[in-house]
Amino acid sequence: MRINIVTIFPAFFEGPLGLSIPARAAARGLVEYRLVDLRDYTHDRHRTVDDYPFGGGAGMVMKPEPFFEAVDALRPEGPIVLLSARGRVFRHDDAVRLSVAPELTLLCGHYKDVDERVAKALATEELSLGDFVLSGGEYAALAVTDAVVRLLPGALGTHEAAAGDSFYDEELLSPPSYTRPASYRGLAVPEVLLSGHQARVQAWRQAESERLTRERRPDLWEAHRRRQDEPGTD
(Lines give C-alpha, C1' and ligand atoms only; values in the text may rest on other atoms or scores of the structure.)
Protein backbone atom coordinates (compact mmCIF):
# COMPACT_ATOMS: atom_id res chain seq x y z
CA MET A 1 0.00 0.00 0.00
CA ARG A 2 1.10 3.57 -0.64
CA ILE A 3 0.05 6.45 1.62
CA ASN A 4 0.53 9.99 0.32
CA ILE A 5 0.36 12.83 2.84
CA VAL A 6 0.05 16.34 1.41
CA THR A 7 1.03 18.91 4.03
CA ILE A 8 2.91 22.13 4.67
CA PHE A 9 4.75 20.35 7.51
CA PRO A 10 6.22 17.11 6.11
CA ALA A 11 8.75 16.99 8.96
CA PHE A 12 5.83 16.55 11.37
CA PHE A 13 5.45 12.94 10.18
CA GLU A 14 9.07 11.85 9.99
CA GLY A 15 9.39 10.99 13.68
CA PRO A 16 6.07 9.17 14.23
CA LEU A 17 6.23 7.19 10.98
CA GLY A 18 9.75 6.08 11.90
CA LEU A 19 8.59 4.43 15.12
CA SER A 20 6.66 1.34 16.22
CA ILE A 21 4.08 -0.33 13.96
CA PRO A 22 4.16 2.27 11.11
CA ALA A 23 7.94 1.89 10.87
CA ARG A 24 7.88 -1.92 11.05
CA ALA A 25 5.19 -2.10 8.37
CA ALA A 26 7.30 0.06 6.06
CA ALA A 27 10.42 -2.01 6.78
CA ARG A 28 8.51 -5.17 5.85
CA GLY A 29 7.44 -3.64 2.54
CA LEU A 30 3.76 -3.51 3.53
CA VAL A 31 3.42 0.24 3.09
CA GLU A 32 5.26 3.13 1.48
CA TYR A 33 4.87 6.69 2.79
CA ARG A 34 5.21 9.69 0.49
CA LEU A 35 5.37 13.04 2.27
CA VAL A 36 4.48 15.82 -0.16
CA ASP A 37 5.35 19.42 0.70
CA LEU A 38 2.42 21.53 -0.47
CA ARG A 39 4.72 24.55 -0.85
CA ASP A 40 6.51 22.77 -3.69
CA TYR A 41 3.39 23.45 -5.76
CA THR A 42 3.31 27.21 -5.31
CA HIS A 43 4.58 29.70 -7.89
CA ASP A 44 5.67 32.79 -5.98
CA ARG A 45 8.90 33.52 -4.17
CA HIS A 46 7.16 33.41 -0.77
CA ARG A 47 5.71 29.94 -1.48
CA THR A 48 2.28 31.17 -0.43
CA VAL A 49 -0.37 28.54 0.31
CA ASP A 50 -3.05 30.74 1.90
CA ASP A 51 -4.99 33.94 1.26
CA TYR A 52 -7.74 36.09 2.76
CA PRO A 53 -11.30 34.68 2.58
CA PHE A 54 -13.76 36.10 0.08
CA GLY A 55 -16.55 37.83 1.96
CA GLY A 56 -14.29 38.84 4.82
CA GLY A 57 -13.85 37.27 8.22
CA ALA A 58 -11.01 36.30 10.49
CA GLY A 59 -8.29 33.83 9.57
CA MET A 60 -6.71 32.66 6.36
CA VAL A 61 -7.90 30.09 3.83
CA MET A 62 -5.66 27.59 2.08
CA LYS A 63 -5.59 28.13 -1.67
CA PRO A 64 -6.91 25.48 -4.06
CA GLU A 65 -4.12 25.55 -6.67
CA PRO A 66 -1.35 23.87 -4.63
CA PHE A 67 -3.62 21.01 -3.59
CA PHE A 68 -4.84 20.37 -7.13
CA GLU A 69 -1.34 20.52 -8.59
CA ALA A 70 0.09 18.24 -5.90
CA VAL A 71 -2.56 15.62 -6.58
CA ASP A 72 -2.04 16.03 -10.34
CA ALA A 73 1.62 15.19 -9.82
CA LEU A 74 0.84 12.20 -7.61
CA ARG A 75 -1.81 10.75 -9.93
CA PRO A 76 -3.07 8.64 -7.03
CA GLU A 77 -5.19 5.53 -7.34
CA GLY A 78 -7.64 5.29 -4.47
CA PRO A 79 -9.38 7.52 -1.93
CA ILE A 80 -8.36 11.16 -1.53
CA VAL A 81 -9.29 12.23 1.98
CA LEU A 82 -9.46 15.81 3.20
CA LEU A 83 -9.05 15.98 6.97
CA SER A 84 -11.66 18.52 8.00
CA ALA A 85 -13.68 19.53 11.06
CA ARG A 86 -16.73 19.42 8.75
CA GLY A 87 -16.03 15.84 7.80
CA ARG A 88 -17.86 12.71 8.81
CA VAL A 89 -16.40 11.20 11.97
CA PHE A 90 -13.69 8.64 11.23
CA ARG A 91 -14.58 5.18 12.51
CA HIS A 92 -13.05 1.72 12.55
CA ASP A 93 -15.12 0.75 9.51
CA ASP A 94 -13.40 3.56 7.61
CA ALA A 95 -9.98 2.27 8.64
CA VAL A 96 -10.90 -1.19 7.36
CA ARG A 97 -12.23 0.20 4.07
CA LEU A 98 -9.17 2.38 3.50
CA SER A 99 -6.74 -0.39 4.42
CA VAL A 100 -7.76 -2.50 1.40
CA ALA A 101 -7.18 0.32 -1.10
CA PRO A 102 -3.93 0.19 -3.11
CA GLU A 103 -3.25 3.85 -2.35
CA LEU A 104 -4.51 6.44 0.11
CA THR A 105 -3.97 10.20 -0.20
CA LEU A 106 -4.47 12.44 2.83
CA LEU A 107 -4.83 16.21 2.42
CA CYS A 108 -3.91 18.22 5.52
CA GLY A 109 -5.55 21.58 6.00
CA HIS A 110 -4.20 24.35 8.19
CA TYR A 111 -5.05 27.93 9.13
CA LYS A 112 -8.75 28.83 9.29
CA ASP A 113 -9.98 26.59 6.47
CA VAL A 114 -9.34 25.03 3.07
CA ASP A 115 -10.93 26.41 -0.11
CA GLU A 116 -14.20 24.51 -0.59
CA ARG A 117 -13.28 23.59 -4.16
CA VAL A 118 -10.70 21.19 -2.72
CA ALA A 119 -13.45 19.42 -0.79
CA LYS A 120 -15.95 19.39 -3.65
CA ALA A 121 -13.83 18.71 -6.73
CA LEU A 122 -10.61 17.08 -5.50
CA ALA A 123 -11.21 15.05 -2.34
CA THR A 124 -13.35 11.94 -2.57
CA GLU A 125 -14.41 12.37 1.07
CA GLU A 126 -13.93 14.49 4.18
CA LEU A 127 -13.14 12.89 7.53
CA SER A 128 -12.86 14.28 11.05
CA LEU A 129 -11.56 12.80 14.30
CA GLY A 130 -14.47 14.20 16.31
CA ASP A 131 -16.23 17.27 17.59
CA PHE A 132 -13.18 19.37 18.34
CA VAL A 133 -10.78 21.55 16.38
CA LEU A 134 -7.10 20.81 15.89
CA SER A 135 -4.33 23.19 14.86
CA GLY A 136 -4.04 21.38 11.54
CA GLY A 137 -4.96 18.27 9.63
CA GLU A 138 -1.56 16.72 10.33
CA TYR A 139 -2.66 15.30 13.68
CA ALA A 140 -5.74 13.73 12.15
CA ALA A 141 -3.79 12.39 9.16
CA LEU A 142 -1.33 10.70 11.50
CA ALA A 143 -4.17 9.07 13.46
CA VAL A 144 -5.82 7.82 10.25
CA THR A 145 -2.49 6.51 8.96
CA ASP A 146 -1.80 4.56 12.14
CA ALA A 147 -5.33 3.12 12.26
CA VAL A 148 -5.07 1.98 8.64
CA VAL A 149 -1.52 0.63 8.69
CA ARG A 150 -2.01 -1.58 11.75
CA LEU A 151 -4.76 -3.42 9.85
CA LEU A 152 -2.47 -4.39 6.96
CA PRO A 153 -1.79 -8.15 7.00
CA GLY A 154 1.56 -8.69 8.69
CA ALA A 155 1.75 -5.28 10.37
CA LEU A 156 0.96 -6.76 13.77
CA GLY A 157 2.38 -9.94 15.18
CA THR A 158 -0.93 -11.82 14.94
CA HIS A 159 -4.44 -11.23 13.67
CA GLU A 160 -5.70 -11.72 17.23
CA ALA A 161 -3.73 -8.66 18.34
CA ALA A 162 -6.03 -6.48 16.24
CA ALA A 163 -9.16 -8.61 16.66
CA GLY A 164 -9.21 -7.94 20.39
CA ASP A 165 -9.23 -4.17 20.00
CA SER A 166 -12.19 -1.93 20.75
CA PHE A 167 -14.50 -1.46 17.72
CA TYR A 168 -12.89 -4.32 15.76
CA ASP A 169 -15.92 -6.57 15.43
CA GLU A 170 -19.19 -5.58 17.06
CA GLU A 171 -18.14 -2.03 17.87
CA LEU A 172 -17.99 -2.76 21.57
CA LEU A 173 -15.23 -1.43 23.80
CA SER A 174 -12.56 -3.96 24.65
CA PRO A 175 -12.52 -5.48 28.15
CA PRO A 176 -9.89 -4.46 30.74
CA SER A 177 -6.44 -6.01 30.48
CA TYR A 178 -4.12 -7.18 33.27
CA THR A 179 -0.57 -8.55 33.47
CA ARG A 180 1.95 -9.52 36.16
CA PRO A 181 2.11 -9.08 39.10
CA ALA A 182 -1.19 -10.63 40.13
CA SER A 183 -1.36 -8.24 43.11
CA TYR A 184 0.10 -4.74 43.28
CA ARG A 185 -0.37 -2.22 46.09
CA GLY A 186 -3.41 -4.08 47.27
CA LEU A 187 -4.96 -4.15 43.79
CA ALA A 188 -5.63 -7.68 42.63
CA VAL A 189 -6.22 -9.15 39.19
CA PRO A 190 -9.77 -10.60 38.90
CA GLU A 191 -9.69 -14.21 40.05
CA VAL A 192 -11.33 -15.50 36.88
CA LEU A 193 -8.30 -14.43 34.79
CA LEU A 194 -6.06 -16.59 36.97
CA SER A 195 -8.34 -19.62 36.83
CA GLY A 196 -7.10 -21.07 33.53
CA HIS A 197 -10.74 -21.79 32.64
CA GLN A 198 -11.01 -20.32 29.13
CA ALA A 199 -14.80 -20.50 28.91
CA ARG A 200 -15.13 -18.49 32.14
CA VAL A 201 -12.46 -16.06 30.97
CA GLN A 202 -14.27 -15.47 27.67
CA ALA A 203 -17.59 -14.99 29.45
CA TRP A 204 -15.98 -12.45 31.82
CA ARG A 205 -14.40 -10.55 28.93
CA GLN A 206 -17.68 -10.41 27.04
CA ALA A 207 -19.56 -9.22 30.13
CA GLU A 208 -16.94 -6.55 30.86
CA SER A 209 -16.95 -5.40 27.24
CA GLU A 210 -20.72 -4.98 27.33
CA ARG A 211 -20.64 -3.26 30.74
CA LEU A 212 -18.02 -0.71 29.70
CA THR A 213 -19.75 0.02 26.42
CA ARG A 214 -23.10 0.47 28.16
CA GLU A 215 -21.60 2.82 30.78
CA ARG A 216 -19.17 4.85 28.69
CA ARG A 217 -20.56 4.76 25.14
CA PRO A 218 -24.36 4.46 25.30
CA ASP A 219 -24.50 5.35 21.60
CA LEU A 220 -22.48 2.27 20.71
CA TRP A 221 -24.48 0.15 23.13
CA GLU A 222 -27.79 1.14 21.55
CA ALA A 223 -26.42 0.38 18.08
CA HIS A 224 -25.24 -3.01 19.34
CA ARG A 225 -28.66 -3.77 20.82
CA ARG A 226 -30.40 -2.82 17.59
CA ARG A 227 -28.16 -5.20 15.66
CA GLN A 228 -28.93 -7.98 18.10
CA ASP A 229 -32.67 -7.42 17.57
CA GLU A 230 -32.45 -7.63 13.79
CA PRO A 231 -34.08 -10.70 12.22
CA GLY A 232 -31.66 -13.56 11.76
CA THR A 233 -29.25 -12.26 14.42
CA ASP A 234 -28.45 -14.69 17.22
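The following questions and answers concern a predicted model of one protein chain.

Reader: How many helices and strands are there in the protein chain, and what part of its residues is buried?
Author: In this predicted model, the protein chain holds nine helices and ten strands, and its C-alpha trace spans about 70 × 40 × 40 Å along the principal axes. Of the 234 residues in the chain, the buried ones make up 40%.

Reader: In which order do the strands of the open sheet lie, and which are the edge strands?
Author: The sheet is open, has five strands with parallel pairing, and runs in the order β2-β1-β6-β5-β8. Neighbouring strands in this sheet are turned by 35° against each other on average, direction ignored. Because an edge strand pairs on one side only, the two edge strands are β2 and β8 (125-128).

Reader: Over how many bridges do β5 and β8 pair, and which residue of β8 stands opposite Leu82?
Author: Strands of a sheet pair through backbone hydrogen bonds, and this can happen in a parallel or an antiparallel sense. Strand β5, which covers residues 80-89, pairs with β8 in the parallel sense over five bridges. The residue of β8 that stands opposite Leu82 is Glu126.

Reader: Which strands of the sheet does helix α6 touch, and what angle does its direction make with that of β6?
Author: Helix α6, made of residues 137-149, packs on the sheet and touches β1 (2-7), β2, β5 and β6 (103-108). The direction of α6 makes an angle with that of β6 of about 160°.

Reader: Which element gives the largest share of the largest nonpolar core?
Author: The largest nonpolar core has 27 residues, and those with the most contacts inside it are Ile3, Leu83 and Leu106. Leu106, leaving aside residues up to four places away in sequence, touches residues including Ile3, Leu83, Ala141 and Val144. Among the elements that give two or more residues to this core are β1, β5, β6 and α6, and the largest share, six residues, comes from α6.

Reader: Why does the salt bridge of Arg47 and Asp37 tie together parts that are apart in sequence, and is Asp37 buried or exposed?
Author: The side chains of Arg47 and Asp37 meet in a salt bridge, with 4.0 Å from N to O. Arg47 lies in the loop between β2 (32-37) and β3 (50-51) whereas Asp37 is in strand β2, so the pair ties together parts that are ten residues apart in sequence. Arg47 counts as partly exposed at 32% relative accessibility, whereas Asp37, with a relative accessible area of 19%, is buried.

Reader: Which residues are linked with Arg88 in a network of salt bridges?
Author: Side chains of opposite charge can pair when their charged atoms come close. Arg88, which counts as partly exposed at 44% relative accessibility, meets Asp94 in a salt bridge of 3.0 Å, N to O, and Asp94 is buried, with a relative accessible area of 5%. The residues linked with Arg88 in the network are Asp94, Arg97 and Glu125.

Reader: By about what part of a helix are Arg211 and Glu215 separated?
Author: Arg211 forms a salt bridge with Glu215, the closest N and O atoms being 3.2 Å apart, and Arg211 is partly exposed, with a relative accessible area of 26%. Both residues belong to helix α8 (residues 198-216) and are four residues apart, so their separation is about one helical turn.

Notes: Residues are numbered from 1 along each chain as its sequence is written. This is a predicted model: local features need pLDDT of at least 70, side-chain atom pairs count only at pLDDT 80 or more; totals for chains, interfaces and linings use all residues. Side-chain values use heavy atoms; hydrogens and water are left out. Buried means under 20% relative accessible area, exposed over 50%, partly exposed in between (1.4 Å probe, protein chains only). Axes are lines fitted to C-alpha atoms, for helices over the stretch in contact, and angles run from 0 to 180 degrees between N-to-C directions. Contact means heavy atoms within 4.5 Å. A nonpolar core is a set of buried Ala, Val, Leu, Ile, Met, Phe, Trp, Tyr and Cys residues joined through side-chain atoms within 4.5 Å.
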